[in-house]
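This briefing introduces one protein chain to a reader who has not seen it before. Look over the sequence and the structure first, then read the points below.

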Amino acid sequence: MLTASLEEFRAALAAQGLGARHVAVRCPICDTIQSPQDFIDAGAGRDYDSVRRFFAFSCVGRWTGAGNHRRGWPPGRGCTWTLGGVLPIHTYEVVTPSGAVYPTFEPAMPAEALAHHAKRQKTGSGLQLPAKRLAHALPRVTPHTRSPAPVALAALTSPRE
Ligand SMILES: [Zn+2]
């Protein structure tokens, strides 16, 4: 568990040298690097103000139809993880000056955030696959992750939450 002060958290994001819409964090479950702009692109909200309540708390995959993360999948696609779920699994938390503790996604390293931003500039998405292609994406299946194809496809195309 990593614990940071609010000041340290903000400093880690500022160290990325990107605007507010492009700072990036990492999902603790699927390792996908994600920015507020990814949430806007995915339809979670019109602008920064409307997506920041999700950013660093729920994985952008909840809006792209990415489905649950399965072991062996490479990062980049997102997943359905949210820190608001019943399982209190998180790896990073921010403590405010008043002592309140908030689980959050961990800030990405500056190089990761810059690479993510550069990828979006080049391809139109910071994620591994554009949302419209996710429904056709095939997971990298291992003996541990194998599931009947219809189930996996249903999860990938489930309604946005
Ligand atoms: Zn995720």
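In strand E4, tyrosine 92 is the bridge partner of leucine 2. The model is predicted, and the points below cover the pairing around E4, the nonpolar core and the chain as a whole.

**Strand E4 and its partners**
- Strand E1, residues 2-5, pairs with E4 in the parallel sense over four bridges.
- With strand E5, residues 101-103, E4 pairs in the antiparallel sense over three bridges.
- Valine 101 in E5 is the bridge partner of valine 95.
- Five residues lie between the strands in the hairpin of E4 and E5, where glycine 99 has a positive phi near 95°.

**The two faces of E4**
- In a regular strand, side chains alternate between the two faces of the sheet.
- E4 covers residues 92-95, and its side chains alternate: Tyr92 and Val94 are buried and point to one face, whereas Glu93 and Val95 point to the other and are not buried.

**The nonpolar core**
- The largest nonpolar core has 25 residues, and the members that touch the most others are Cys27, Cys30, Phe39, Cys59 and Cys79.
- Leaving aside residues up to four places away in sequence, cysteine 79 touches Cys27, Ile29, Cys30, Cys59, Gly61, Ala66, Asn68 and His69.

**The whole chain**
- The protein chain has seven helices and six strands.
- Their order from the N terminus is β-α-β-β-α-α-α-β-β-β-α-α-α.
- The chain has 161 residues, of which 35% count as buried.
- Among contacts with a separation of 6 or more, 61% are between residues 24 or more positions apart.

Methods. Residues numbered from 1 in each chain as written. Predicted model: local features only at pLDDT ≥ 70, side-chain atom pairs only at ≥ 80, totals over all residues. Core = buried A, V, L, I, M, F, W, Y, C linked by C-beta atoms within 7 Å. Buried ≥ 20, exposed ≤ 12 C-beta atoms within 10 Å, placed from the backbone. Contact = placed C-beta atoms within 7 Å. Pairing = 2+ DSSP bridges.
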